[in-house]
Amino acid sequence: GGPRAPAHWGPPGRGLRYRPGPGGRRLRLSVASGMAPGTLTSVFGALEGRLEPDCYIIVGAQRDSLGPGAAASGVGTALLLELAHLFAAMGRDGFQLRRTLLFVSWDGGEFGHLGATEWLEGYPDLLHTKAAAYISLDQAVLGDDRLVAKTSPTLVNLIESALSQV
């Protein structure tokens, strides 16, 4: 009953029209979401460093695609697998890592990053003493022509220096 909204407000290709505002109709909505416990499975792979094997560079991406982030998690997972493949091939060719690379495919990302959260809560001492950096591949490629780096303020100079050399 309200005024018709512009066509681009509605779902593409479905011919549905959205009418914001009062319309005099009532809608009864029932939600049937379950509260049954489930199992999350995060997958870990490591390439051991030669000089500092107990110092970890963690590269992670969420793997599940249960929500609107399906494309972002698919891209992150593809990048994670390709990076692991690339570094493994470089190792077979004689390249030696200084620090251990830990590749992690997180489950439960669409449910509040549960896979990563549970791991972080389960191993706080390891992370505080051995993790040097975490590189998130979630939303790594968004289709823009700009690079956006989110980091700790202590690493800003390092990132700026690396970018000036590229």
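Gly-60 stands opposite Val-104 in strand β3, and this pairing is a convenient entry into a predicted model whose local features need pLDDT of at least 70, whose side-chain atom pairs count only at pLDDT 80 or more, and whose totals for chains, interfaces and linings use all residues. Residues are numbered from 1 along each chain as its sequence is written, and side-chain values use heavy atoms, with hydrogens and water left out.

**The sheet**

The protein has four helices and four strands, where helices (H or I, at least four residues) and strands (E, at least two) are DSSP runs numbered from the N terminus. Read from that terminus, the elements follow the order β-β-α-β-α-α-β-α. The four strands form an open sheet in the order β1-β3-β2-β4, with mixed pairing; two strands are taken to pair if DSSP finds at least two bridges between them. The edge strands are β1 and β4 (131–136), each of which pairs on one side only, and the twist averages 20 degrees from one strand to the next.

Strand β2 (residues 52–62) runs parallel to β3 and is joined to β3 by eight bridges, and the bridge partner of Ala-61 in β3 is Ser-105. On the antiparallel side, β1 and β3 pair over five bridges, with Leu-47 standing opposite Leu-101 in β3. Seven of the eight residues of β3 are buried, so this strand is largely enclosed by the rest of the structure; buried means under 20% relative accessible area, exposed means over 50%, and partly exposed lies in between, with a 1.4 Å probe and protein chains only.

**Helix α2 against the sheet**

Helix α2 lies across β1, β2 and β3 and runs at about 135 degrees to β3. Axes here are lines fitted to C-alpha atoms, for helices over the stretch in contact, and angles run from 0 to 180 degrees between N-to-C directions. Within α2, Gly-115, Ala-116 and Trp-119 are buried. Seen down the axis of α2, its buried residues fall within an arc of 95 degrees, so they line one face of the helix; the arc is that of the directions from the helix axis to the C-beta atoms. The cover over these buried residues includes β1, β2, β3 and α3 (124–130).

**The aromatic rings**

Which residues do ring pairs link into a cluster? The cluster consists of Phe-44, Trp-106, Trp-119 and Tyr-123, and the structure holds four aromatic pairs. Rings of Phe, Tyr and Trp (its six-membered ring) pair if their centres lie within 6.5 Å; planes under 30 degrees apart count as stacked, over 60 as edge-to-face and the rest as tilted. Two of the pairs are set out below.

| Pair | Centre to centre | Angle between planes | Class |
|---|---|---|---|
| Phe-44 and Trp-106 | 5.7 Å | 85 degrees | edge-to-face |
| Trp-106 and Trp-119 | 5.6 Å | 50 degrees | tilted |

The edge-to-face pair links distant parts of the chain, since Phe-44 is in strand β1 (residues 43–47) and Trp-106 in strand β3 (residues 99–106), 62 residues apart. Phe-44 counts as partly exposed at 38% relative accessibility, whereas Trp-106 counts as buried at 5%. In the tilted pair, Trp-106 lies in strand β3 and Trp-119 in helix α2 (residues 114–122), so the pair ties together parts that are 13 residues apart in sequence.

Trp-119 is itself buried, with a relative accessible area of 14%, and the C-alpha atoms of Trp-119 and Trp-106 are separated by 9.5 Å. Leaving aside residues up to four places away in sequence, Trp-119 touches Phe-44, Ile-58, Leu-102, Trp-106, Leu-126 and Leu-127, a contact being heavy atoms within 4.5 Å.

**The protein as a whole**

Among contacts between residues at least 6 apart in sequence, 70% join residues at least 24 apart. Buried residues make up 20% of the 166 residues in the protein. The accessible surface comes to about 12,700 Å², of which 57% belongs to carbon and sulfur atoms; such areas come from the Shrake-Rupley method with a 1.4 Å probe, and for residues only the protein chains shown count as cover.
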